[in-house]
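Please open the structure in your viewer and keep the selection tool at hand. The stops below go from the whole chain to single residues.

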Amino acid sequence: MADPLPSDRYIDPMRQALKAAAEAAGHGDVPVGAVLLDATGAVVGVDHNRREELSDATAHAEILVISARAKEIDDWRLNGHTLVVTLEPCPMCAGAAVLARLDRIVYGAADLKAGAAWSLYNIPQARRLNHRIDLIEGVLADECSALLSDFFTDRR
């Protein structure tokens, strides 16, 4: 049997991120979920957007899992970690991933309005920055997009 595609190994973590994302809608937040994996592939963080819940513009799922892990290991450097997120990171989250020295970002749905990992910008791979991150896009993209579309359709 051939080795799975690189993106195939992230299907289960993306399903966890989707489950977390669904929780965000319960408190009026845009349903984005994030899972953080350590160097062995073990899940070390799961969260979802909490901007409305916490009245905090920075409470994106990605920021929350990065911050929690850094506190847990008492080190801001998260070398070896992979961020799995249902929506392409925004500039703030892409920048935080670079600053945290993540190895990889895996995302589901592209964000054509604010995406900073291909769609509008490519912060994780910008040559002028001191760290570059591998990107894998489109993992369970249809499911991730549908969750967001349903949320915004219900709000209209």
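The tour starts with the whole chain, then visits a core and two cysteines.

This is a predicted model, in which local features need pLDDT of at least 70 and side-chain atom pairs count only at pLDDT 80 or more, while totals for chains, interfaces and linings use all residues. Residues are numbered from 1 along each chain as its sequence is written, and side-chain values use heavy atoms, with hydrogens and water left out.

Select the whole chain and colour it by secondary structure: there are five helices and five strands, where helices (H or I, at least four residues) and strands (E, at least two) are DSSP runs numbered from the N terminus. Along the sequence they follow the pattern α-β-β-α-α-β-α-β-β-α. Of the 156 residues, 46% count as buried, which means under 20% relative accessible area with a 1.4 Å probe and protein chains only.

Next, select Met14, Leu102 and Ile105, which touch the most other members of the 39-residue largest nonpolar core, a set of buried Ala, Val, Leu, Ile, Met, Phe, Trp, Tyr and Cys residues joined through side-chain atoms within 4.5 Å. Elements giving two or more residues to this core include helix H1 (11-24) and strand E4 (104-109).

Stay on Met14 and show its contacts (heavy atoms within 4.5 Å): beyond its neighbours within four places in sequence, the partners include Val84, Tyr107 and Cys144.

Finally, select Cys90 and Cys93. Why is Cys93 in no bond with Cys90? Their sulfurs are 3.7 Å apart, too far for a bond, because a disulfide is a pair of cysteine sulfur atoms within 2.5 Å. Cys90 is buried at 14% relative accessibility, and Cys93 is buried at 1%.

Key
Buried means under 20% relative accessible area, exposed over 50%, partly exposed in between (1.4 Å probe, protein chains only).
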